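Colleague: I would like to go through this model and ask why each term is used. Please set each value against its definition.

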Amino acid sequence: MIVVAGESLIDLVPQGGGEPLPMLLPRLGGGPYNTAVALGRLGAPVTFCSRVSTDGFGEALLAGLHSAGVGTSLVQRGPEPTTLAVAAIGADGSAGYGFYAQGSADRLFELPPPLPDSVRALALGTCSLVLEPGATAYEALLRREAGRGVFTLLDPNIRGGLIPDADAYRARFAGWLPYVSLLKLSEDDAEWLGGVPEGPAAVVLTRGAAGMTVRTRGGLEVSVPATPVSVADTIGAGDTVNAALLHSLAARDALSADASAVLDALDADGWRDVLRFAARAAAVTCSRTGAEPPYASELDD
C-alpha cells in the first residue's frame, strides 16, 4: 500500500481565449490528490490521507478518488469549504496559480494514528506543507512514518505566493530532508530553494522539455529526454511523475526502509527505465487539459 497525504482542491482552468475574462472550468486537483489518482489509474494499491470538505466540491473529489480505485479510509471530513486554485495557462502550456484557501477544509488536517503495517511508502507535498495548522500535522506525519521505516517521497512543488517567509520555509524544508527517501524537484523548485539539496537517497529533477535526471547518494547520475508530445497544459504533470516513480520502484521491490541501499542498487539501466516510464506518463498528462493522468493501459508498449 502507498499512502499519499496532502491537499485536494478544485482547479479553475481557463477555457478558450475569452476577453477580458475567460470561462473557468472546474477540475479535480491538488498535487497530492493528483498523485493518488495517478497511482490508482496505474493499478497501484493506494490510499489518500487528507481532510476533505463535505460541500459539493468535496463530494466530487471523493467520487474521483473512488473512480480511480483510491482508498479513502484515511480521509477526514469537515464542513469548511474546498480550496480553489485559479490557473493561468502560459503560451507554452505552463500553469501558474492563485489560491483561495483561507479557512478551507484541507488546512485543518489532524495527525492520524500510525499508518497500517502494510504501508510501504508515503508521499507528501505542495500546499499541505505550507498552510497551517495542517502543515505541522503533515510534517509530524512525515517524521513519524519515516522513523518507523516507511519509504518517503517529498515533492515540495513550490507555490511562492503561499509562502509568507521564504527563508523560514527553506530552513523548515532543510529540516525535512533527513526524513526523505526520494525527493522530486522541478527546475523552478530547485532555483527557488537555492539549488538541488543533498540528503535524500535519491533526487529526481524534472526539466520540462529537456527531460529529467536522477542523482543518487551513491554518486550515480542518469538522465532521460522528455517524451515528445503536443502540450495542452502542464497541470498535474509533476504529480504524475511522482506516481510513476513510486509505481515503477514498487514493481522493482525498491520501496524499502533502507532506501539508500535499495536505490543505490539500481544501476544506470534500471534508473533509465524508471525515468522513461515517468516521462511517458507525464507526457500523456500534458497532452490533456487539466490533471488527467494516464491509465496503465495507455502506457502499455
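Colleague: Why is Asn157 called buried or exposed, whichever applies?

Modeller: Buried means under 20% relative accessible area, exposed over 50%, and partly exposed in between, with a 1.4 Å probe and protein chains only. Asn157 has 14% relative accessibility, so Asn157 counts as buried. This is a predicted model, where local features need pLDDT of at least 70, side-chain atom pairs count only at pLDDT 80 or more, and totals for chains, interfaces and linings use all residues. Residues are numbered from 1 along each chain as its sequence is written, and side-chain values use heavy atoms, with hydrogens and water left out.

Colleague: Where is Asn157 found, and what is said of its phi?

Modeller: Asn157 is in the loop between β9 and α4. Helices (H or I, at least four residues) and strands (E, at least two) are DSSP runs, numbered from the N terminus. The phi of Asn157 is positive, about 45 degrees, although Asn157 is not a glycine. Asp253 is another residue other than glycine with a positive phi, near 55 degrees.

Colleague: What makes Asp253 buried or exposed?

Modeller: The relative accessibility of Asp253 is 57%, so Asp253 counts as exposed. Asp253 is found in the loop between α6 and α7 (259–265).

Colleague: How do you know which class Ala174 and Pro26 belong to?

Modeller: Ala174 has a relative accessible area of 42%, so Ala174 is partly exposed. Ala174 has its place in helix α4 (residues 166–176). The C-alpha atoms of Ala174 and Ser186 are 17 Å apart, with their positions 12 residues apart along the chain. Pro26, in strand β3 (residues 23–29), has 45% relative accessibility and therefore also counts as partly exposed.

Colleague: What does Pro26 touch?

Modeller: Contact means heavy atoms within 4.5 Å. Not counting residues up to four places away in sequence, Pro26 touches Ile10, Asp11 and Leu12. Pro26 and Ile10 are 16 residues apart in sequence, and their C-alpha atoms are 6.1 Å apart in space.

Colleague: Why is Thr240 called buried or exposed, and what is Thr240 in contact with?

Modeller: The relative accessible area of Thr240 is 2%, so Thr240 is buried. Thr240 lies in helix α6. Leaving aside neighbours within four places in sequence, its contacts are Ala38, Ala281, Ala282, Thr285, Pro293 and Pro294.

Colleague: Which class does Ser181 fall in, and why?

Modeller: Ser181 has 9% relative accessibility, so Ser181 counts as buried. Ser181 is found in the loop between α4 and β10 (182–186). Beyond four places in sequence, the residues that Ser181 touches include Val150, Phe151, Pro200 and Leu263.

Colleague: What makes the bond between Glu132 and Pro133 worth a note?

Modeller: A cis peptide bond joins Glu132 and Pro133, with omega about 5 degrees. Pro133 is found in the loop between β8 and α3 (134–147).

Colleague: How do you know where there is empty space inside?

Modeller: Rolling a probe the size of a water molecule over the atoms shows where empty space is left. On a 1 Å grid over the protein atoms alone, a cavity is a set of points where a 1.4 Å probe fits but cannot get out, and lining residues have an atom within 4 Å of a point. Grid points are joined across faces, edges and corners, and a volume is the space filled by probe spheres set on the points. By this rule there are 3 cavities of 30 Å³ or more. The largest cavity has a volume of about 60 Å³, and the second largest about 40 Å³.

Colleague: What lines the largest cavity?

Modeller: Its lining includes Val4, Pro32, Leu153, Asp155 and Asp239. At least two lining residues come from each of α1 (31–42), β8 (121–125), β9 (151–155) and α6 (237–251). Ala, Val, Leu, Ile, Met, Phe, Trp, Tyr, Cys and Pro count as nonpolar, Asp, Glu, Lys and Arg as charged, and the others, Gly among them, as polar. The lining then has 5 nonpolar, 5 polar and 2 charged residues.

Colleague: Why is the whole protein called compact?

Modeller: The protein has 8 helices and 13 strands. The radius of gyration is taken over C-alpha atoms, and the globule rule is 2.2 Å times the number of residues to the power 0.38. The radius of gyration is 18 Å, close to the 19 Å that the rule gives for 301 residues, so the protein is as compact as a globular protein of that length.

How values were computed. 1 Å grid on protein atoms, 1.4 Å probe; cavity = no way out; pocket = protein on both sides within 12 Å on 5 of 7 lines; lining within 4 Å.
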